[in-house]
Number of protein chains: 2
Amino acid sequence: MQNSNHENFWESMPPLLPSVSIDCTILGFHDNQLKILLLRFKNTNSFALPGGFIDLNEDLQESAQRILKERTGLDNIYLEQFYVFGDKNRRDDKLQKKLMAASGLLLEDDHFLLKRFISIGYFALVDFTKTIPTPDFLSDSCEWYDIDKVPELIFDHNEMVKKALNHLRLGLDEKLIGFNLLPETFTMNELQSVYETILGEKIVRSNFQRKILGLDILQRIEKKMTGAANKAPYLYRFIGK
Amino acid sequence: MQNSNHENFWESMPPLLPSVSIDCTILGFHDNQLKILLLRFKNTNSFALPGGFIDLNEDLQESAQRILKERTGLDNIYLEQFYVFGDKNRRDDKLQKKLMAASGLLLEDDHFLLKRFISIGYFALVDFTKTIPTPDFLSDSCEWYDIDKVPELIFDHNEMVKKALNHLRLGLDEKLIGFNLLPETFTMNELQSVYETILGEKIVRSNFQRKILGLDILQRIEKKMTGAANKAPYLYRFIGK
DNA sequence: ACAAAAGTGTTCTCCATACACCCATGG
DNA sequence: CCATGGGTGTATGGAGAACACTTTTGT
């Protein structure tokens, strides 16, 4: 954490698109819970969604993918724009300065980070088990939190989470995106659990199976050997159609 | 159109948020047709969606509303973000220069209009009869076009229109937004015609009435005096609920 | 009387839900 | 055997599409 690092920090960044940031609501599924990936700024108790800026030579979508890769280690993440947050007072200069100062970065009053930004909200669904959460330069923690225990976040990030979840619920059946929260192969029970958690309601097993299997989007693989004293469940793989 | 106007043009603009533009797909309904409002750049045959930039002291939504007001004369327009267009090569510097030159504006190579922009796509539904289409400084025409006769548009604007229409269709029943294309009061037939046009299919009258009236979102007003030799239709007003 | 508007009734199909029940199977 | 997984049958209710028919009403 030597000072030379700090001096170089901004200069080492590639040319960026001004005024625009990306913030990502990254969701995973574990222990029958929806989880969200949050950063904590160094030496503070301030939490935020993972985010970043757009390099001038990146398509918007590419930027979001890069940011996700940096925080999770994953390529080919399911990713979707859901809203642009553009209120003129959505950010808080004092807080911004404080957060940067906590990382040893002093911002001049005309620093670009203190200018107005709009933020494009992306939401991403990942296979929890495959992620390697990695803090960025400004944070000392990048961890999963239960979706119903999200702490207070900076700026308008709590609103972002709320909107992202709503977007997820609305698109769950329509876009068949629940699979992205599971590993390559999964049992029908696990899938049902994902649906129940996201929708917040119990589903009758037999009806759920009929519905999902009727969509012709799953390939049945083999039995899962559980070692339990009962029939082993089948494994399925999502094949789209 | 004296040169002094041109010299002052950019300087007269308020401070803008860099890199970000707004483009609006403005839809109206007339003669049983969906119509879209398009600009033609001065002294060219290039068409574009109405758009603009974000003043530093405007919320994003306010910017979109202002732009819409400037082109249609209307306040309180139904307005919705639907997508951010952010490919790095979505714009074309040569075309941009040509369009500006056609208005007598010469752009230096480092002019801000030649920098990279992302564009936030808004779509708007307006009461056709109330609009006063008004060209902007760079265009000599602002007119309604049949939605199925949209000419080639600049940049990625044709794609914007396509995405906006898709968005409209998906949200029609869900968000009950069709009413925004009609005057304050309207007949059931007119409303049905809006739905049929947007969805591109015939609907059985009696079923449509049952469905819409069952939603409890319409207030029945009075009879419309048509002067025709038949029963006059009722007028309805949208009351949301 | 006429023509269009408005309302009602009926039938069908489709789909989601709920629930009961059976079979399969790994230990 | 038994606990869980997996599958089927079936009744119900609601939504919506198709169609027929009646009633209303302004000129």
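## DNA strand D

Helix α6(A) supplies the largest share of the surface near DNA strand D, 5 residues. Here a residue is near a strand if one of its heavy atoms lies within 4 Å of it. Helices (H or I, at least four residues) and strands (E, at least two) are DSSP runs, numbered from the N terminus. This is a predicted model, in which local features need pLDDT of at least 70, side-chain atom pairs count only at pLDDT 80 or more, and totals for chains, interfaces and linings use all residues. Residues are numbered from 1 along each chain as its sequence is written, chains are lettered from A and ligands numbered from 1 in the order in which they are written, and side-chain values use heavy atoms, leaving out hydrogens and water.

In total, 24 residues surround DNA strand D. The closest are A:Arg205, A:Arg210, A:Arg220, A:Tyr234 and B:Asn207. By class, this surface has 9 nonpolar, 8 polar and 7 charged residues. Ala, Val, Leu, Ile, Met, Phe, Trp, Tyr, Cys and Pro count as nonpolar, Asp, Glu, Lys and Arg as charged, and the others, Gly among them, as polar.

## Polar contacts to strand D

A polar contact is a pair of N or O atoms within 3.5 Å. The side chain of A:Asn189 places an N or O atom 2.9 Å from a phosphate oxygen of DNA strand D. A:Gln209 has a polar side-chain atom 3.2 Å from a phosphate oxygen of this strand. For A:Arg210, a side-chain N or O atom lies 2.8 Å from a base oxygen of DNA strand D.

## DNA strand C

DNA strand C is surrounded by 23 residues. The closest are A:Asn207, B:Arg205, B:Arg210, B:Arg220 and B:Tyr234. Of the strand C atoms within 4 Å of the protein, 52% belong to sugar or phosphate, the rest to bases. Helix α6(B) gives the largest share of the surface near this strand, 5 residues.

A side-chain N or O atom of A:Arg210 is 3.4 Å from a base nitrogen of DNA strand C. The side chain of B:Asn189 has an N or O atom 3.1 Å from a phosphate oxygen of this strand.

## Helix packing in chain B

Helix α4 (residues 157-175) of chain B packs with helix α5 (residues 188-199) of chain B at an angle of about 140°, with axes 10 Å apart. Axes are lines fitted to C-alpha atoms, for helices over the stretch in contact, and angles run from 0 to 180 degrees between N-to-C directions. Contact means heavy atoms within 4.5 Å.

Conventions. Polar contact = N/O pair within 3.5 Å; in protein donor to acceptor, adjacent residues only side chain to side chain.
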